[in-house]
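Biologist: I should like to go through this model term by term and hear the grounds for each label. May we begin with how its helices pack?

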Amino acid sequence: MSVRIEETLRSELLDRRSKLKGPAGDCCPPAEVTRLLEQVDAALARMDGGTYGLCEVCHDPVETDRLLANPMETFCLDHLPPAAARALEADMALAAQVQRGLLPPRDFVAPGWEVAYHYEPLGAVSGDYCDLIPAPDGGFYFILGDVSGKGIAASMLMSQLHAIFRTLAPLDLPLEGMVEQAGRLFCQVTLPMHYATLVCGRVRPDGSAALCNAGHPPVLARLGGAVTALEATGLPLGVFCEESAAVRTLKLAPGDALAVYTDGLSEAADPAGQEFGRAPVESIIAATAGLPADAVLGAVLAAWRAHRAGAPRTDDLAVLVIRRLS
Ligand SMILES: [Zn+2]
């Protein structure tokens, strides 16, 4: 553990100690105050003795994010006592349910367009963000992103992104303004080491589309017979607080499609460690002209599973396919 984190935790413990001894402690039953004070003092004593932050069972370091949440923690995740493990499991199940509630409806429809998406966390919760938001003109916004890291912290930042874009969408800003504003807001709520890559796009009933790609893997656009990879037009969100966004516009004819994915798709490895890559996705998008969006998505996912051949996944996955109907 870094000296800086240990100092943060020490001042957190001292703060709790003075709260328990002050007026706030008077509100609790005395036995409870005594028990909590003993825990705080024991943690401070471990700090002085050089054993702070080590698991009582295996003596390996307790996860830093868990110590930041509870500086009195004395077990690593692998050695939680049964009651604490059950409580954590229940918390995670609830968090997963909350996150599923943030996903757009499966039967999302917009005039002239069809959409299909797949969202699959690696663990209980995901750091990927997938959203579809109706726009006032009958078109819609689509956002697919990937917060750095995985697990609980990433999923909390994903929910921040969800709130930010859901708040900005009704303002009907130009797309670059929306993404720049989202970047500023996201920068305010993240730690310096966190960022998010994402694609934010808007399609209109006449088939026109605008895209911002903030440091994300390319959008694959099937226009006519050819598939084009539309690379990033800007930096990921959260790297700098004042980032400018660039917009690319295109026009989709009936049958044309866009596919966006997170690196849980392209970087999935087979048992020999070979990554799936982008090329197979491009081939599938090219070969599935004429098929509905959910069939295109199904073909991509089937190829991804076949490539992995049972090798375990290592990342969250989100894939979005948008197809112009008429
Ligand atoms: Zn342990």
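Modeller: The model is predicted. Helix 5 passes helix 6 in a right-handed crossing.

Biologist: Why is the crossing of helix 5 and helix 6 called right-handed?

Modeller: It is called right-handed because the near helix is turned clockwise from the far one by less than a right angle. The angle between helix 5 and helix 6 (residues 175-189) is about 145°, and their axes are 10 Å apart.

Biologist: Which residues of helix 5 and helix 6 meet?

Modeller: Helix 5 contributes Gln160, Leu161, Ile164, Phe165 and Leu168, while helix 6 contributes Met178, Gln181, Ala182, Leu185, Phe186 and Val189. By class, this contact has 9 nonpolar, 2 polar and no charged residues. Gln160 and Gln181 belong to the polar class, because Gln is listed neither as nonpolar nor as charged.

Biologist: What makes helix 8 and helix 9 roughly antiparallel?

Modeller: Helix 8 and helix 9 pack at an angle of about 150°. The label applies to angles over 145 degrees; helix 8 and helix 9 are therefore roughly antiparallel to each other. Their axes lie 10 Å apart, and their crossing is right-handed.

Biologist: How do you know the class of the residues between helix 8 and helix 9?

Modeller: Pro280, Val281, Ile284 and Ile285 of helix 8 make the contact with Val296, Ala299, Val300 and Ala303 of helix 9. Pro, Val, Ile and Ala count as nonpolar, so the contact has 8 nonpolar, no polar and no charged residues.

Biologist: What makes the relation of helix 1 to helix 2 roughly antiparallel?

Modeller: Helix 1 (residues 3-21) and helix 2 (residues 30-49) pack at about 155°, with a distance of 10 Å between their axes. The cut-off is over 145 degrees, and therefore the two helices are roughly antiparallel. The crossing of helix 1 and helix 2 is left-handed. The contact involves Glu6, Arg10, Leu13, Arg16, Arg17 and Leu20 of helix 1, together with Val33, Leu36, Leu37, Val40, Ala43, Leu44 and Met47 of helix 2. These residues divide into 9 nonpolar, no polar and 4 charged. Glu6, Arg10, Arg16 and Arg17 fall in the charged class because Glu and Arg count as charged.

Biologist: Let us turn to the sheets. Why are strand 2 and strand 8 called edge strands?

Modeller: The sheet is open, with 5 strands in the order 2-3-4-5-8 and antiparallel pairing. Strand 2 (128-134) and strand 8 (248-251) each pair on one side only. The twist averages 15° from one strand to the next.

Biologist: How do you know that strand 5 and strand 8 pair?

Modeller: Pairing requires at least two bridges. Strand 5 (residues 208-214) and strand 8 are joined in the antiparallel sense over 4 bridges, so they count as paired. One of the bridges sets Ala210 against Thr249 in strand 8. On this side of the model, helix 5 (residues 151-168) lies across strand 2, strand 3 (140-147) and strand 4 (196-203), at about 15° to strand 2.

Biologist: What is the strand order of the sheet that contains strand 1?

Modeller: Its 5 strands stand in the order 1-10-9-6-7, again as an open sheet with antiparallel pairing. The edges are strand 1 (113-120) and strand 7 (226-230), each paired on one side only. Strand 1 and strand 10 (residues 317-324) run antiparallel and are joined by 8 bridges; this meets the minimum of two, so they are paired. Glu114 stands opposite Arg323 in strand 10.

Biologist: Which strands does helix 8 touch?

Modeller: Helix 8 (residues 279-287) touches strand 6 (219-223), strand 7 and strand 9 (257-261), and its direction makes about 25° with that of strand 6. Helix 9 (residues 293-308) also packs on the sheet, touching strand 1, strand 9 and strand 10.

Biologist: Finally, how far apart are the C-alpha centres of domain 1 and domain 2?

Modeller: The centres lie 41 Å apart. The domain assignment gives 3-80 as domain 1 and 104-324 as domain 2.

How values were computed:
Residues numbered from 1 in each chain as written. Predicted model: local features only at pLDDT ≥ 70, side-chain atom pairs only at ≥ 80, totals over all residues. Domains from an automatic or database assignment. Axes fitted to C-alpha atoms, helices over the stretch in contact; angles between N-to-C directions. Contact = placed C-beta atoms within 7 Å. Parallel < 35°, antiparallel > 145°, perpendicular 65-115°, else oblique.
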